[in-house]
Amino acid sequence: MRNFISVDDVQDLETLVKSALALKKNPYNYKHLGKDKTLGLIFLNPSLRTRLSTQKAAINLGMNVIVMNMDKEGWALETQDGVVMNHNTVEHIREAAAVMGQYCDIIGVRSFPKLVDKEEDYSEDFFNKFIKYANVPIISLESATLHPLQSFADIITIEETKTKPRPKVVLTWAPHIKALPQAVANSFAEWMNKADVEFVITHPKGYELAQKFSGKAPIVYNQDEALKNADYIYVKNWSSYEDYGKVVSMDSNWMLTNEKLKLTNNAKVMHCLPVRRGIELADEILDGENSLVIHEAANRVWSAQAILKEILEKNF
Ligand code: SN0
């Protein structure tokens with residue numbers, strides 16, 4: 001593995017999950033691997049879990065970490081080629097990424113979609129250019145269309161808690177007041193489609209994900225129907241892909257409650273966080289026994305550490 005941008009960068013998912021679980025048991029076994037290596041974490045958007053868990057994972061491997069919040073502290077970046085930069089952008093990604101590549105051995109980058117131009121966001125232009133000009137291994141800390149470190153932590157969490165060989169996992173859309181990226185949902189679908197689970201997606205009409213990511217997973221438009229016998233419910237809001245970046249429903253009936261949980265096989269509830277209480281998820285679920293959200297967030301360390309370990313071993 002050189003870059004970690006999607007599940008396609010993973011050679012053997014089962015082995016990678018095992019590696020993460022082994023690191024969870026013995027976090028400091030590979031402290032020598034990262035000696036004198038620098039990880040740069042570059043954020044163009046806010047973060048809590050991704051920043052802290054990736055930093056912690058790197059420290060566990062003996063790496064040095066430098067963090068830059070580009071959105072607050074950096075120059076406004078230009079990504080288009082051939083433009084005369086006589087407006088707001090100060091520095092081109094060609095120079096910015098190349099310079100960061102001089103200071104860092106591995107770089108993690110977060111860059112959300114603008115949710116205006118579907119083609120631009122789904123081309124992953126920013127990430128592709130960053131990879132090209134930085135010329136060091138790149139880890140996605142959430143791109144325009146995917147959030148692989150989150151999905152990897154999700155699959156670790158399911159592996160650790162499942163009580164049958166092939167659990168039923170339901171990805172359900174939830175209401176929100178803002179237009180959010182499709183990245184977490186796309187990524188979760190992409191990883192679940194490769195896992196040994198029965199995977200079902202449920203959302204109101206108009207929230208279909210890009211088929212490239214949802215694949216052959218059945219879409220059930222009736223949430224109650226989809227939740228029947230579920231072992232896991234993965235709750236997430238996303239904006240419309242079809243009517244790109246728009247909020248086409250705010251139907252509060254889609255918020256998961258204890259009442260809806262009765263339809264399931266005492267399902268465990270997952271969410272990547274941050275979560276809007278009382279909009280995306282009921283307090284009673286988040287504070288109840290079926291919630292896995294803190295366990296899931298804790299596993300972000302082990303997903304990041306397994307990826308960093310793999311990149312350090314294969315590239316240096
Ligand atoms: C991001 C998203 O992709 O949905 C990050 C999730 C890990 N979430 C948000 O931007 C939430 C913003 C809000 O106002 O609730």
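Which residues are around the ligand?

1. The model discussed here is a predicted one, and the ligand site is a reasonable place to begin. The residues around the ligand are F112, E142, H147, H176, K178, L180, P181, K236, C272, L273 and R276, where being counted as near requires a heavy atom within 4 Å of the ligand. Sorted by class, this shell holds 5 nonpolar, 2 polar and 4 charged residues.

2. Three side chains of that shell deserve individual mention for their polar contacts with the ligand. In R276, a side-chain N or O atom is 2.5 Å from an oxygen atom of the ligand; for K236, a polar side-chain atom lies 2.8 Å from a ligand oxygen atom; and for H176, the corresponding distance from a polar side-chain atom to an oxygen atom of the ligand is 3.0 Å. Taken on its own, the ligand has 410 Å² of accessible area, of which the protein covers 85%. The space that the ligand takes is the largest pocket.

3. Turning to the fold, 5 strands form an open sheet with parallel pairing, and their order is β9-β8-β7-β10-β11. Its edge strands are β9, at residues 219-220, and β11, at residues 268-270, each of which pairs on one side only. As a general point, the strands of a sheet pair through backbone hydrogen bonds, and they may do so in a parallel or an antiparallel manner.

4. Strand β10 links the sheet to the ligand site, since its range, residues 232-236, includes K236, one of the residues around the ligand. This strand runs parallel to β11 and is joined to it by 3 bridges, and within the pair of strands I233 stands opposite V269 of β11.

5. Two backbone features should be checked by anyone reading the model closely. Most peptide bonds are trans, and most residues other than glycine have a negative phi. The peptide bond from L273 to P274, however, is cis, with omega near 5°; P274 is found in the loop between β11 and α12, the latter spanning 283-286, while L273 is itself among the residues around the ligand.

6. The second feature concerns L115, which is not a glycine and yet has a positive phi of about 60°. L115 is found in the loop that runs between β5, at residues 106-110, and α5, at residues 118-122.

Note on methods:
Residues are numbered from 1 along each chain as its sequence is written. This is a predicted model: local features need pLDDT of at least 70, side-chain atom pairs count only at pLDDT 80 or more; totals for chains, interfaces and linings use all residues. Side-chain values use heavy atoms; hydrogens and water are left out. A polar contact is a pair of N or O atoms within 3.5 Å; within protein, one must be able to donate a hydrogen and the other to accept it, and residues adjacent in sequence count only if both atoms are side-chain atoms. Accessible areas come from the Shrake-Rupley method with a 1.4 Å probe; for residues, only the protein chains shown count as cover. On a 1 Å grid over the protein atoms alone, a cavity is a set of points where a 1.4 Å probe fits but cannot get out, and a pocket is an open set with protein on both sides within 12 Å along at least five of seven lines; lining residues have an atom within 4 Å of a point. A molecule sits in a cavity or pocket if more than half of its atoms lie within 2 Å of its grid points. Ala, Val, Leu, Ile, Met, Phe, Trp, Tyr, Cys and Pro count as nonpolar, Asp, Glu, Lys and Arg as charged, and the others, Gly among them, as polar. Two strands pair if DSSP finds at least two bridges between them. Helices (H or I, at least four residues) and strands (E, at least two) are DSSP runs, numbered from the N terminus.
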